Amino acid sequence: MNWDSLANVAFALGCAPFLMGVINRTKAIFAGRQGQPLLQTYYEIWRLLHKGAVYSKTTSWFFRAGPLAGLAITVLVLFLIPFGRVPAVVSFQGDFIFIVYLLGLMRMMTVLAALDTGSSFEGMGASRELQFSAIAEVALVFALSTLAWKAGTLSISEIFTKVTPDLWRTEGGILSLLGVAILLVFLAENARVPIDDPNTHLELTMIHEVMVLDHSGPDFAMILYSSALKLWILGTFLLEVLLPFQVGNFWLDHASFIFAMFALAVLVGIIESSMARLRLIFVPRFLMGAVIFALLAFLLGLR
Amino acid sequence: MTSSEPSVGRPIRNAEAVRLSEIPILTTDHWRQEILRATRYSAGKKEWRICALFALPKGGAFRLITVLANNREQSLTVFATDVRDRYPALTPDVPEAHLFEREIAEQFPIKPEGHPWLKPVRNASSTEYFKIEGDEIHEVGVGPVHAGIIEPGHFRFLCNGEDVFHLEIALGYQHRGIERALQGGPNKRTLSYMETLAGDTTIGHTLAYSLAVEGLSRLDVSPRAELIRGIALELERLANHTGDLGALAGDVGYLPTASFCGRLRGDFLNLSAQICGSRLGRGWLRPGGVLFDLPKDQTEGFLSKLKATFRDVKEAAQLLWHRPSVMARFENIGAISQQVCQELGIVGPAARACGLRNDIRHDFPSGIYRNARIHIPTRHSGDVFARAYIRWLEIQESTRFIEAALRSAVEAPISKPTTQAPLQSNSIVVSLVEGWRGEICHVALTDHLGAFARYKVIDASFHNWTGLALALRDQQISDFPLCNKSFNLSYCGYDL
């Protein structure tokens with residue numbers, strides 16, 4: 001048992017909702033507003049946990065299971081991913097494919113719970129989510145596979161330890177293309193602008209939000225929490241590729257990685273403040289862009 | 001005089017009272033022929049459009065009062081026909097009559113025969129909807145309770161996946177029976193009904209009412225009061241157009257303009273509050289004049305606030321037009337052609353976005369607009385962008401107008417309206433006002449005692465809701481909120 005790795009999981013569980021606060025504060029500053037408290041997501045989760053949940057008579061046990069399963073899977077993924085140069089709690093050959101499948105399973109639970117309501121909105125959201133994630137998943141798998149190939153290992157903890165300043169010097173082109181691909185997937189998977197708008201109240205334009213419209217109380221708290229964790233997980237992937245630098249001091253490296261995580265949240269806030277959402281029919285093209293970046297990286301690697 | 005002019009109608013002016021006995025009563029066939037001839041669309045041109053069409057109970061029968069307008073010729077005409085319980089519907093030949101005839105059939109036991117669908121206009125309990133059969137067609141019902149703080153209305157989309165074949169809009173959830181309550185007036189309640197008829201168009205409707213009463217009682221309004229009314233109307237336009245630009249930005253997820261315009265709308269509302277004490281302009285206008293003036297020593301401060309707010313709106317709007325990701329969402333979305341626009345009788349900014357230079361302030365001017373001409377901007381693409389950009393052009397024009405009006409104004413008392421003068425009996429008056437949403441038409445008919453026998457209100461939304469439904473055809477369902485906001489129609493102004 002690696003105590004550092006366990007500490008990282010605990011840290012992620014504690015700090016992920018704070019990322020949301022940073023994004024919202026950045027957006028507020030751009031809009032000239034004071035903005036909600038940085039800890040608002042914690043308050044929301046706390047408030048929701050104290051509320052009762054409302055269940056429609058048309059839903060089955062699956063509707064109740066969806067959010068719980070989603071949270072359980074996300075926490076499981078946290079145990080499988082490295083943080084900075086600290087390896088994951090559990091790692092094995094091929095675990096990066098396992099992670100992608102776990103994320104797919106989480107999505108399946110959300111989608112099935114949404115379809116369980118029989119609402120036309122939720123069906124629409126489910127159809128959008130599946131259509132878009134089918135492309136986003138290709139991009140993510142392609143990107144991680146290319147990294148695995150270049151690193152010569154199939155374990156994600158080892159893959160990311162092989163991404164060093166030296167690798168950036170020799171394979172900088174590949175890594176920057178992969179970075180772009182993962183950034184696009186990161187925005188899409190976390191339902192951020194320009195793919196989705198987490199702030200909108202318009203049911204007809206939503207993707208992720210519309211699937212969870214019927215969840216309330218503790219169920220919705222779990223959904224909020226797992227989406228914060230998902231932001232953390234995919235953010236980790238992105239930073240592992242983009243930030244291979246380390247000075248050697250464990251604490252300094254660790255602190256700089258955490259700092260980078262919040263800088264990423266600021267970046268998301270800046271992106272959301274500076275552009276409009278894409279039309280829904282252009283989202284697949286946007287995600288195909290991510291696939292093409294990953295594919296180009298792969299082809300560059302063939303030289 | 002054009003060939004299509006209904007030679008039979010009684011030409012009237014905006015807010016001019018005429019005796020009911022002067023309205024020509026035609027045979028139903030003749031009446032129908034005249035409307036068909038006048039409103040015919042041919043070679044890209046349509047001379048006349050229906051301003052108002054409603055039934056007036058007359059013994060055991062009904063009189064269909066018809067008001068037609070020709071914006072280009074700047075003429076209005078009134079005529080009527082008597083029907084018992086049925087008549088051949090206009091709608092198959094005159095699409096813009098469809099809602100008027102549905103309303104007639106809902107309010108009275110009259111059947112316009114041949115009307116394709118006499119669905120109730122405001123009876124929200126009706127659950128019959130248009131249907132398309134097919135395995136791949138699905139329906140998405142939205143509302144009447146919505147996720148945002150907006151008025152209730154039911155929208156039913158017939159979709160194939162993300163593509164919309166047809167949108168059906170069912171309203172009436174806010175029907176308050178205003179027209180019936182106005183009968184027998186004017187009384188102490190009448191003004192309150194007018195000011196809250198459509199909350200965001202307080203000035204527009206109160207002004208239309210004031211013009212109607214002034215026409216019927218031959219009240220004169222002092223030039224200063226007319227000036228203040230013009231300022232009130234333009235401030236309402238500025239506030240709402242600015243709010244709309246912000247809301248459009250918000251709907252596409254573009255944060256900066258959404259946030260700025262939300263605040264700036266409040267700044268314009270505060271300018272109204274500075275004069276009359278109410279942000280929405282309640283208690284400002286009265287038949288005979290206005291209750292609040294802008295004191296001379298406050299004019300400079302008022303103008304500098306107006307200009308400062310305008311400068312900020314300009315910045316916020318420029319952010320929109322220069323942002324490619326926003327323009328990609330606005331352009332070529334929800335377009336309606338000029339022909340559809342004319343055949344449906346669309347009014348206001350939505351019509352001007354289709355290239356129609358229709359504006360009551362220019363075509364049927366009253367008050368200050370008779371002397372101070374206003375520039376009417378148009379666009380031609382008829383899409384969300386055109387409807388948004390028209391608003392920006394009108395914001396510029398309204399600001400210029402207020403400034404010019406105040407600069408050229410002479411100091412004069414506003415002649416506060418005193419007691420209510422009696423209304424001329426057995427008369428009709430048609431008052432038109434260009435509200436920020438478009439044409440507001442009030443038709444008042446008085447009985448032999450000078451009380452309202454019928455008071456008909458037609459908000460711009462009554463004409464335009466169908467335009468929104470058609471704008472959505474073959475569009476993406478996810479673009480509906482954006483298209484809806486680009487029209488930004490009133491629910492309560494329609495529901496009455």
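In the predicted model, B:Lys119 touches six residues beyond its immediate sequence neighbourhood, with positions up to four places away left out of the list: B:Arg102, B:Ser126, B:Glu128, B:Tyr129, B:Glu168 and B:Ala170. B:Lys119 is placed in the loop of chain B that runs between strand S10 (111-113) and strand S11 (138-142). Its relative accessibility is 6%, and B:Lys119 is therefore classed as buried, the cut-off for this class being under 20%. One of the contacted residues, B:Glu128, offers its backbone oxygen to the lysine, and the side chain of B:Lys119 reaches this oxygen at 3.1 Å.

A second buried charged residue of chain B, B:Asp244, is found in helix H6, which covers residues 223-251. B:Asp244 counts as buried because its relative accessibility is 4%, against a limit of under 20%. When residues up to four places away in sequence are set aside, B:Asp244 touches B:Arg391, B:Trp436 and B:Asn488. With B:Arg391 the contact is polar and runs from side chain to side chain, at 2.9 Å. The position of B:Asp244 was also compared with that of B:Ala350: the two residues are separated by 106 residues in sequence, while their C-alpha atoms lie 13 Å apart in space.

Chain B, which holds both of these sites, contains 16 helices and 18 strands. A compact globule of 496 residues would be expected to have a radius of gyration near 23 Å, and the value of 22 Å computed for chain B agrees with this expectation. Along the principal axes, the C-alpha trace of chain B extends over about 65 × 60 × 40 Å. Buried residues account for 64% of the 496 residues in chain B. Of the contacts in chain B that link residues at least 6 apart in sequence, 68% are formed between residues at least 24 apart. The accessible surface of chain B amounts to about 18,200 Å², and carbon and sulfur atoms contribute 50% of this area. Chain B carries 56 positive and 56 negative charges, and the mean positions of the two groups are separated by 5 Å.

Chain A, in turn, comprises 11 helices and 0 strands, so that the order of elements along its sequence reads α-α-α-α-α-α-α-α-α-α-α. For the 303 residues of chain A the globule rule gives 19 Å, and the radius of gyration is close to this at 19 Å; chain A is therefore as compact as a globular protein of that length. A box of roughly 60 × 45 × 40 Å, taken along the principal axes, is filled by the C-alpha atoms of chain A. In chain A, 55% of the 303 residues are buried. Among the contacts of chain A between residues at least 6 apart in sequence, those joining residues at least 24 apart make up 80%. Chain A exposes an accessible surface of about 12,600 Å², with 70% of the area belonging to carbon and sulfur atoms. Its charged side chains number 19 positive and 20 negative, and the centres of these two sets are 5 Å apart.

Key: Residues numbered from 1 in each chain as written. Chains lettered and ligands numbered in written order. Heavy atoms only, no water. Helix = DSSP H or I, 4+ residues; strand = E, 2+ residues; numbered from the N terminus. Rg over C-alpha atoms; globule rule 2.2 N^0.38 Å. Buried < 20%, exposed > 50% of the residue type's maximum accessible area, 1.4 Å probe, protein only. Contact = heavy atoms within 4.5 Å. Areas by Shrake-Rupley, 256 points an atom, 1.4 Å probe, with all protein chains shown as cover. Lys, Arg positive; Asp, Glu negative; His and termini not counted. Charge placed at Lys NZ, Arg CZ, Asp CG, Glu CD. Polar contact = N/O pair within 3.5 Å; in protein donor to acceptor, adjacent residues only side chain to side chain.
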